[in-house]
Amino acid sequence: MGTSPFGNLYRETSDEDTAAAVDAAWVGGIRYFDTAPHYGLGLAEKRLGAALRSRPRDEYVLSTKVGRALVPTPENAHNLDDDGFVVPAAHRREWDFSRDGILRSVEQSLERLGLDRIDVLYLHDPDNHWEAASTTGMDTLVELRDQGVVRAIGAGMNQSAMLAAFIERCDVDLMMLAGRYTLLDQSAQDDLLPLALERGVGIVAAGVYNSGLLSKPVVADDAYFDYRAAPREVVDRARAIAAMCDRHGVTLPDVAVQFALRHPAVVSAVLGARNAAQAEGGLERYAAPVPGALWAELEDAGYVRPLT
């Protein structure tokens, strides 16, 4: 379960709705919850921690992220955050992959979560900070894992090439890949996925809807793809896939959720939820029976690359 909506991504939501989302996910069997300081300037961590606090701590896995430090800016609290979250700009994000910055971020995350430990720790979007992230940043995560502060480490990004480079050069356990192994973008099959399988590194697939284009059975003209308006050719491709899904009695979102999980390197898929209905909807999509004939048809049509 992904929690960026808990940070009021694009629009406000309530404490009650986010708590109900966690309740519904828990009833449905979800035991892995992902968050980050970036999501709503700490609001998502606070809400997730509150919703999990009464659950047995050994029964679930929690991941959060470091690298985007939150620096107090009380003088801007009357403004709204300018990075997509409808929250007061009482903090600003500052890239920081230093040892001190990471340790401070972990301490602050634990305080916001109100929990005693974090299970998985990712470097968050270090695209433009390879040198610091791959040295000081990852060395600090290894130190925290060796000390037993966290159980697993890695990085979370919207690209596969740098994640592959981390696997090649660093001692990592998990990588969170957003949007690069989906029904519409299978580029991670060129570099990251084979390497992860070879090295025994788990891939957590996020962004399975490619920013919304694959999230509804009928693809809208104004659908988004990779955080911007989808090009016409991408919309047409999604609609062709949706038509195939419909002929086989499943929906485009059903297949989008289950597509990434077919690959043996992928150990989990992240589905964000804002409320109980969205959490339940994600569970239903995961459980929908997708016939093998559909996968074969998608491969024959060139929409899905064969698993190797």
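The following paragraphs describe the overall build of a predicted model, two of its helices and several individual residues. Because the model is predicted, local features are reported only at pLDDT of at least 70 and side-chain atom pairs only at pLDDT 80 or more, whereas totals for chains, interfaces and linings use all residues. Residues are numbered from 1 along each chain as its sequence is written, and side-chain values rest on heavy atoms, with hydrogens and water left out.

The chain has 10 helices and 11 strands, where helices (H or I, at least four residues) and strands (E, at least two) are DSSP runs numbered from the N terminus. Its radius of gyration is 19 Å, close to the 19 Å that the globule rule gives for 308 residues, so the chain is as compact as a globular protein of that length; the radius is taken over C-alpha atoms, and the rule is 2.2 Å times the number of residues to the power 0.38. Along the principal axes, the C-alpha atoms fill a box of roughly 55 × 40 × 40 Å. The accessible surface comes to about 13,400 Å², of which 50% belongs to carbon and sulfur atoms, as computed by the Shrake-Rupley method with a 1.4 Å probe, with only the protein chains shown counting as cover for residues. Of the 308 residues in the chain, 54% are buried, a class defined by a relative accessible area under 20%, with exposed meaning over 50% and partly exposed in between (1.4 Å probe, protein chains only). Among contacts (heavy atoms within 4.5 Å) between residues at least 6 apart in sequence, 72% join residues at least 24 apart.

Helix α7 comprises 16 residues (232-247), which at 1.5 Å a residue should span 22 Å, and the 23 Å between its end C-alpha atoms agrees with this; the expected span is 1.5 Å times one less than the number of residues. The buried residues of α7 are V234, V235, A238, I241, A242, M244 and C245, and they pack against β9, α8 (252-261) and α10 (292-300). An α-helix has 3.6 residues a turn, so residues three or four places apart point the same way. After α7 comes G249, which has a positive phi near 80°. Within the helix, C245 has a relative accessibility of 0% and therefore counts as buried. C170 is also buried, with a relative accessible area of 14%, and the structure holds zero disulfides, a disulfide being a pair of cysteine sulfur atoms within 2.5 Å.

Helix α9 comprises 12 residues (276-287), for which the expected span of 16 Å agrees with the 17 Å between the end C-alpha atoms. In α9, the residues A279, G281, G282 and L283 are buried, and the buried residues of this helix pack against α1 (15-27). At the start of α9, a side-chain oxygen of N275 reaches to within 3.2 Å of the backbone nitrogen of A277.

Two residues are notable for their backbone angles. Most residues other than glycine have a negative phi. N210, however, has a positive phi of about 50° although it is not a glycine, and D125 likewise has a positive phi of about 50° without being a glycine. D125 is placed in the loop between β5 (120-124) and α4 (130-146), and is buried with a relative accessible area of 14%.

N210 lies in the loop between β8 (202-206) and β9 (224-225) and is buried, its relative accessible area being 1%. The side chains of N210 and T182 are joined by a polar contact of 2.5 Å, that is, a pair of N or O atoms within 3.5 Å of which, within protein, one must be able to donate a hydrogen and the other to accept it, residues adjacent in sequence counting only if both atoms are side-chain atoms. Beyond its neighbours within four places in sequence, N210 is in contact with G179, R180, T182, L184, D185, Y224, F225 and D226. D226, in the loop between β9 and β10 (228-229), is itself buried at a relative accessible area of 17%. Apart from its neighbours within four places in sequence, D226 is in contact with R180, N210 and S211.

D116, by contrast, is exposed, with a relative accessibility of 57%, and is found in the loop between α3 (99-113) and β5. Outside its neighbours within four places in sequence, D116 is in contact with R57 and L110. D116 and R57 are 59 residues apart in sequence, while their C-alpha atoms are 8.6 Å apart in space.
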